[in-house]
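Visitor: I'd like to zoom in on one spot in this protein and really get to know it. Could you pick a single residue, show me its surroundings, and then work outwards from there?

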Amino acid sequence: MDKNQIIGFLLIGAILLGFVFLTKPNKAKQEEQQRIEDSLRRVQEKLYQEELAKINQKDSLNVDSIKNIIATDTTLNDSLVNKILVDKYGVFANSAIGEQEFITAKNDVMEIKISTKGAVVQSVNLTDYVCYDQSPLIMFEGEQNTFDLNFFVNQNLIHTNELFFVSNAENNFVDATKEEKKITFRANVTSDSYLEYVYTIKPNNYLVDFDINFVNLDKYIPSNTSFLELYWNEYLRHLERGEKWEKDNTFLFYKLYQAGVKSLKIKKNYVEEELTSKVQWVSYKQQFFTTTLIAKNHFDYAKISSEDLLDDTVNLKLMKSKITVPFTNTKNSNIALAFYYGPAKYSIMRKVKAGENKMQLEKMIPLGGSVLSWINKGLIIPLFNFLGKYIGNFGIIILVMTLIIKLVLFPLTYKSYASAAKMKILKPEVDKVVERFPKEKTVERQQATMDLYKKAGVNPLGGCLPTLLQFPFLFAMFRFFPASIELRQKSFLWVKDLSTYDAILSWEANIPVINWIFGNHVSLFTILMAVAMIFSTKLSNTNMDNSNPQAKTMQIMMYIMPLMMIVWFNSYSAGLSYYYFLSTLIGIIQTLLIRRFIDEEKVLSQLKEKIKNNKAPEKSNFQKRLEDLQKQRAMGNNPQKPNTTNIKYKKK
């Protein structure tokens, strides 16, 4: 081994010894690190005991719990606290500690309160409305309502509802009654890197624009991030008098992107659904008010749920949405959203836009299917609004509207009654024709009866068709009145609120059968409606053929129907029962007037003259086939069997 090799080996040995010496663990540092880890473990164990249901250790590090433990555990120092916060929140650690404040913003129609913790709207008060008990109408309130945007910065999952934002609002109040105001909230990483929420409130407007800006956060957010997750939970409060009716009319609606509006079908106390298509908006709608989250672009996915709160006297339902928000990671990324906090009023909701596109929020108002909706939107609502400009009392508006509708439909009513009257007057002549044929010859009987009707110019269906044409208006009203916020808390006579039931008798006790059928009250307009229907039925039965068993069955059903209506309508809108009562009452008056102008003897002589002068109408192909079939059956009850009675056989 030469000199150079020896020197080389010595140098290698020296390097190895130096490496071992330099990398030797520092006992003091090891002890400090161990102490921090032990303390951190101790904090986490306490947090587990307090919060119980958390799974991931980092996710269990709630800031408020950390602060409580710090206050009682003197072994924890600032460096450990900072480590805990950095471990949990990464670059947003400085925004994890702060004092919660509330910013109040108002315009002409609402007042909203926004918390600096999470920069979320904590309550909304619609100042033009009040609750059934005359208290302020607060749509939702409290920290149990969450709006939490989740995303990663480096390896940390950020929950925005745990961050403390800094607001630009002076004196924690913003007045937007005269001009548009923007309220900004920032969770800072550095002076030029921050997460920003911007609320834009406009005068006399229920729509609040909501922009989420990521400013210079692209270096912290993973480059492959293509979406964020948003958790939106809201407890819907009891706002109306009829709690059951209100709950039955509280739904979660959504609109698919470039598609129609749908609702989450409630079939049990809890129901959920996954929306795998793009979503335009999600709405938590109560009977007359709604909170809607709108994407000015779209959401990629949503998992929505609705749960009845059976033992809660304040809230009706809990609605939840887990929403996937599309995201492009740039230096200045923006998510453009909007909130609609307001009444479910057709004239307002139909004008709501996101950008240039109408959001079709009015389709949440239950105005019926295509035909009924057309009648309500094209005729009833414009007429109702027109009358509202000149008449201050909504009970009088309903009366005038009913009179107008009944006058418009009067030609159909007259035609229906006249046709039924002709059928009754012609009944003796029909009986004479029927008596000429034995009972087994049903086809001949029917044919002769139809010939008589044709000669007399009477259509047996002439009374049915005009009546059927009036039904869409009755059904349209059935949809219109319960959905009309205009009737809410409007009084008339003994009724304090035309949008709900008008109880003349109520009780607190639980009467097993009665409560199941009626609820705990009896509505006067429902009783009046049923009584009017009984009189109307009795009046219309004078034109029916009482000798026909089917007609008798129909009469019995017509008398049972008003009793059933009492059960169905007892908890409905008093405005609806009032309208049906007026409509039936006016119908009775019209029938009595028509009856006075119809001379039955004169009509009978006119019908007889027509029968005498008119020739027997030519038989249709269908009638001819019926007659041929009847003859074949009479010959042998087998149309295919040849008649061999008169065939003679030759002898062979």
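Guide: Let's start with the company that Asn107 keeps. Setting aside neighbours within four places in sequence, Asn107 is in contact with Ala176, Thr177, Ile201, Lys202, Pro203, Asn204 and Asn205. Keep in mind as you look around that this is a predicted model.

So where does Asn107 sit? Find strand 1 (102-106) and strand 2 (110-115), and you'll see Asn107 in the loop between them. Is Asn107 buried or exposed? Its relative accessibility is 3%, and since anything under 20% counts as buried, Asn107 is buried.

Now look at what the side chain of Asn107 is doing. One of its polar atoms lies 3.0 Å from the backbone nitrogen of Val109. There's also a polar atom of the Asn107 side chain 2.8 Å from the backbone oxygen of Lys202. You've met Lys202 already, as one of the residues on the contact list of Asn107.

Let's move on to another loop. Gln134 lies between strand 3 (121-130) and strand 4 (136-141). Here the picture is different on the accessibility side: Gln134 has a relative accessible area of 55% and is exposed. Its backbone is worth a look too, with a positive phi of about 70 degrees even though Gln134 isn't a glycine. As background, most residues other than glycine have a negative phi. Try finding Leu239 as well: Gln134 and Leu239 are 105 residues apart in sequence, yet their C-alpha atoms are 9.9 Å apart in space.

Another glutamine joins the story here. Gln360 also isn't a glycine, and has a positive phi of about 60 degrees. Look for Gln360 in the loop between strand 22 (357-358) and helix 7 (370-390). With a relative accessibility of 25%, Gln360 counts as partly exposed.

Next, let's look at a sheet. Six strands form an open sheet in the order 6-5-12-19-18-15, and their pairing is antiparallel. Strand 6 (156-159) and strand 15 (270-275) are at the edges with a single partner strand each, so one side of each has no neighbour in the sheet. On average, neighbouring strands in this sheet are turned by 15 degrees against each other, ignoring direction. Within the sheet, strand 12 (residues 227-237) and strand 19 (residues 315-326) run antiparallel and are joined by 11 bridges. If you want to trace one of these, start at Asn233 and go to Lys320, its bridge partner in strand 19.

Now step back to the whole chain. There are 18 helices and 24 strands, and 44% of the 652 residues are buried. Among contacts between residues at least 6 apart in sequence, 65% join residues at least 24 apart. The chain exposes about 36300 Å², with carbon and sulfur atoms supplying 56% of that area.

Finally, how far can you trust what you see? The mean pLDDT of the chain is 80, and 72% of its residues reach 70 or more. Over residues 48-60, though, the pLDDT is below 50, and the model gives this stretch 19 contacts beyond near neighbours in sequence. Residues 637-652 also stay under 50, with five contacts beyond four places in sequence. Where pLDDT is low, the predicted coordinates shouldn't be read in detail.

Note on methods: Residues are numbered from 1 along each chain as its sequence is written. Side-chain values use heavy atoms; hydrogens and water are left out. Two strands pair if DSSP finds at least two bridges between them. Helices (H or I, at least four residues) and strands (E, at least two) are DSSP runs, numbered from the N terminus. Axes are lines fitted to C-alpha atoms, for helices over the stretch in contact, and angles run from 0 to 180 degrees between N-to-C directions. pLDDT is the predictor's confidence in each residue, from 0 to 100. Contact means heavy atoms within 4.5 Å. Buried means under 20% relative accessible area, exposed over 50%, partly exposed in between (1.4 Å probe, protein chains only). A polar contact is a pair of N or O atoms within 3.5 Å; within protein, one must be able to donate a hydrogen and the other to accept it, and residues adjacent in sequence count only if both atoms are side-chain atoms. Accessible areas come from the Shrake-Rupley method with a 1.4 Å probe; for residues, only the protein chains shown count as cover.
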